[in-house]
Amino acid sequence: MNGLSTVLILVGLFLLGGVYSFWKQQMPKGLLVLLSAGSAMCLLAGVLRLEVWK
């Protein structure tokens, strides 16, 4: 696991925590969708950059 994949996974988990927090605060659905998409893209990019796929 290299540094960039670790950072991407951590940012994705941070954004996922933000989605949960904003959902509990009854924030607008558009904001939740935007944060969810960003979180999913960061997590996916981090996982795909792992060395186990080569």
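How many aromatic pairs does a search of the whole structure find? Please keep that question in mind for a moment while I say, before anything else, that what you see above is a predicted model, and that the values I mention this morning were computed from it.

The answer is that searching the whole structure turns up one aromatic pair. The two partners are Y20 and W23, whose ring centres are 6.2 Å apart and whose planes meet at 40°, so the pair is described as tilted. If you are wondering where the number 40° puts us, planes under 30 degrees apart would count as stacked and planes over 60 as edge-to-face, and the rest count as tilted. Both Y20 and W23 belong to helix α1, and they sit three residues apart, which is about one turn of the helix. As for W23 itself, its relative accessible area is 48%, so this residue is partly exposed, because the word exposed is kept for values over 50%.

Let me stay with helix α1, which covers residues 3-24, and go back towards its beginning. S5 is part of this helix, and with a relative accessibility of 0% S5 is classed as buried. Which residues does S5 touch, once we leave aside its neighbours within four places in sequence? The contacts of S5 are then G46, R49 and L50.

The next residue I would like you to find is T6, which is also in helix α1, and here the relative accessible area is 28%, so T6 is partly exposed. A polar atom in the side chain of T6 lies 2.9 Å from the backbone oxygen of N2. To give you a feeling for distance within this helix, T6 and S21 are separated by 15 residues in sequence and by 23 Å in space, taken from C-alpha to C-alpha.

Still in helix α1, we come to V11, which has a relative accessible area of 37% and is therefore partly exposed. Together with L4 and V7, V11 makes a nonpolar surface patch of about 230 Å².

Now please look at G12, which is in helix α1 as well. Is G12 buried or exposed? G12 is buried, since its relative accessible area is 0%, and buried means under 20%. Setting aside the neighbours within four places in sequence, G12 is in contact with S39, C42 and L43. G12 and L48, which are 36 residues apart along the sequence, have their C-alpha atoms 13 Å apart in space.

The contact with S39 brings us to helix α2, where S39 is located. S39 has a relative accessible area of 1%, so S39 too is buried. Its side chain reaches the backbone oxygen of G12 at a distance of 2.8 Å. When sequence neighbours within four places are left out, the contacts of S39 are G12, L15 and L16, and so the contact between S39 and G12 can be read from either residue's list.

V33 is another residue of helix α2, but its situation is not that of S39: V33 has a relative accessible area of 57% and is exposed, whereas S39 is buried. From V33 to V52 there are 19 residues along the chain, and their C-alpha atoms are separated by 30 Å.

I have kept Q26 for the end. What is the sign of phi at Q26, given that this residue is not a glycine? The phi of Q26 is positive, at about 60°. Q26 is found in the loop between α1 and α2, and with a relative accessibility of 64% this residue counts as exposed. Q26 and L15 are 11 residues apart in sequence, and from C-alpha to C-alpha they are 16 Å apart in space.

To finish, I suggest that you go back to the structure and find two places for yourselves. One is the tilted pair of Y20 and W23, and the other is the point where the side chain of S39 reaches the backbone oxygen of G12. Thank you for listening.

Conventions. Residues are numbered from 1 along each chain as its sequence is written. This is a predicted model: local features need pLDDT of at least 70, side-chain atom pairs count only at pLDDT 80 or more; totals for chains, interfaces and linings use all residues. Side-chain values use heavy atoms; hydrogens and water are left out. Helices (H or I, at least four residues) and strands (E, at least two) are DSSP runs, numbered from the N terminus. Buried means under 20% relative accessible area, exposed over 50%, partly exposed in between (1.4 Å probe, protein chains only). A polar contact is a pair of N or O atoms within 3.5 Å; within protein, one must be able to donate a hydrogen and the other to accept it, and residues adjacent in sequence count only if both atoms are side-chain atoms. Rings of Phe, Tyr and Trp (its six-membered ring) pair if their centres lie within 6.5 Å; planes under 30 degrees apart count as stacked, over 60 as edge-to-face and the rest as tilted. Contact means heavy atoms within 4.5 Å. Patches are made of residues with over 30% relative accessible area and no salt bridge: like charges are joined within 9 Å, nonpolar side chains (Val, Leu, Ile, Met, Phe, Trp, Tyr) within 5 Å. Accessible areas come from the Shrake-Rupley method with a 1.4 Å probe; for residues, only the protein chains shown count as cover. A salt bridge is a side-chain nitrogen of Lys or Arg within 4 Å of a carboxyl oxygen of Asp or Glu.
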